[in-house]
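Here's a walk through one model, written as a short report to read alongside the coordinates. Have the viewer open and follow along.

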Amino acid sequence: MPDLDLSAISAAAGPMQTWVLPALLGLGLASATGLRTFLPLLMLALSAKFEMFGVRLIDQMDWLVSWPAIAALATATTAEFLGDKVPAIDHGLNAIGYFTRPIAGAVAAGSVFWNVDPSTAAIAGLIVGAPAALAFNAAQTGVRVGSTATTGGLGNPLVSLVEDMLAFLTVVVAFLAPILIPIVLIVLAVGVFRLARRIRDRNEPRTA
């Protein structure tokens, strides 16, 4: 196949298609990786594989849509899903997530800037993806620590299920309506803050 003229494609697409929509899509994917490392990447790979939601990846990420990569992501997603329901293991996954999730967020975000050159896409992924993933992983830590302190860890599996659903729904919104992602993330941030504060208040000893 002939090489694509990315500069011509970007000029024809305009800033909305070249920068704004990929940035919003990447932001949604990266935020979801802050809660689940592999689920957003698996959903991204499947969407690109079957050409759903208009998702397209940069050429350098074609390996992500291969069946071996999809199988590996599916296995990792299942392991993370099950492990996060086990007390103690869930905290270990969250701690590891401070290193793995910003990387996953940067990869997911950078992958969708398909109509710019690879180095620019990588930089955009780092700028958009890594901070978003790290922020949501930190928020998850606060909620999980509060839940452990309040319920002795018994409430953590329920919290984990809620996080599963939030990660999944965030990716779905990013695919279907990326323009709504800022609103979704604001609502999530406010909800997580209120939940963490409520858990903290319940855990504080009451004065007479």
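Leaving aside its neighbours within four places in sequence, which residues is Thr-37 in contact with? The list is Glu-80, Thr-100, Arg-101 and Ala-104. Keep in mind throughout that this is a predicted model.

**The overall picture**

The protein chain has 7 helices and 0 strands, so there's no sheet to look for, given that the strand count is 0. Read along the sequence, the pattern is simply α-α-α-α-α-α-α. The chain runs to 208 residues, and 43% of them count as buried. Take the contacts between residues at least 6 apart in sequence: 73% of those join residues at least 24 apart.

**Thr-37 and its loop**

Thr-37 sits in the loop that links helix H1 (6-33) to helix H2 (39-49). Is Thr-37 buried or exposed? It's buried, because its relative accessible area is 5% and the cut-off is under 20%. Among its contacts, Arg-101 deserves a second look: the side chains of Thr-37 and Arg-101 are joined by a polar contact of 3.0 Å.

**Arg-101 in H4**

Arg-101 belongs to helix H4. With a relative accessible area of 1%, Arg-101 is buried. Its side chain also reaches a backbone atom, namely the oxygen of Gly-34, at 3.2 Å. Not counting residues up to four places away in sequence, Arg-101 touches Thr-33, Gly-34, Leu-35, Arg-36 and Thr-37, along with Glu-80, Leu-93, Asn-94, Ala-133, Asn-137 and Gln-140.

**Gln-140 in H5**

Now hop over to Gln-140, which lies in helix H5 (residues 118-151). Gln-140 is buried too, at 3% relative accessibility. Setting aside neighbours within four places in sequence, its contacts are Gly-34, Leu-35, Arg-36, Asn-94, Arg-101 and Glu-163. Two of the residues on that list, Asn-94 and Arg-101, also make side-chain polar contacts with Gln-140. For another way to place Gln-140, try Ser-160: the two are 20 residues apart along the chain, and their C-alpha atoms are separated by 9.4 Å.

Here are the polar contacts mentioned so far, side by side:

| From | To | Distance |
|---|---|---|
| Thr-37 side chain | Arg-101 side chain | 3.0 Å |
| Arg-101 side chain | Gly-34 backbone oxygen | 3.2 Å |
| Gln-140 side chain | Asn-94 side chain | 2.4 Å |
| Gln-140 side chain | Arg-101 side chain | 2.6 Å |

**How the helices cross**

How do the axes of H4 and H5 run relative to each other, roughly parallel or roughly antiparallel? The axes of helix H4 (residues 89-111) and H5 come within 6 Å and cross at roughly 155°. Angles over 145 degrees count as roughly antiparallel, so that's the label this pair gets. The crossing of H4 and H5 is right-handed. Sorted by class, the contact of H4 with H5 has 12 nonpolar, 11 polar and 3 charged residues.

The other pair to check is H2 with helix H6 (residues 156-176), whose axes come within 10 Å and cross at roughly 35°. The crossing of H2 and H6 is right-handed as well. On the H2 side, the contact is made by Leu-39, Pro-40, Met-43, Leu-44 and Ser-47. H6 brings Asp-164, Ala-167, Phe-168, Val-171, Val-172 and Phe-175. By class, the contact of H2 with H6 has 9 nonpolar, 1 polar and 1 charged residues.

Notes: Residues are numbered from 1 along each chain as its sequence is written. This is a predicted model: local features need pLDDT of at least 70, side-chain atom pairs count only at pLDDT 80 or more; totals for chains, interfaces and linings use all residues. Side-chain values use heavy atoms; hydrogens and water are left out. Helices (H or I, at least four residues) and strands (E, at least two) are DSSP runs, numbered from the N terminus. Buried means under 20% relative accessible area, exposed over 50%, partly exposed in between (1.4 Å probe, protein chains only). A polar contact is a pair of N or O atoms within 3.5 Å; within protein, one must be able to donate a hydrogen and the other to accept it, and residues adjacent in sequence count only if both atoms are side-chain atoms. Contact means heavy atoms within 4.5 Å. Axes are lines fitted to C-alpha atoms, for helices over the stretch in contact, and angles run from 0 to 180 degrees between N-to-C directions. Angles under 35 degrees count as roughly parallel, over 145 as roughly antiparallel, 65 to 115 as roughly perpendicular and the rest as oblique. A crossing is left-handed if the near helix is turned anticlockwise from the far one by less than a right angle, and right-handed if clockwise. Ala, Val, Leu, Ile, Met, Phe, Trp, Tyr, Cys and Pro count as nonpolar, Asp, Glu, Lys and Arg as charged, and the others, Gly among them, as polar.
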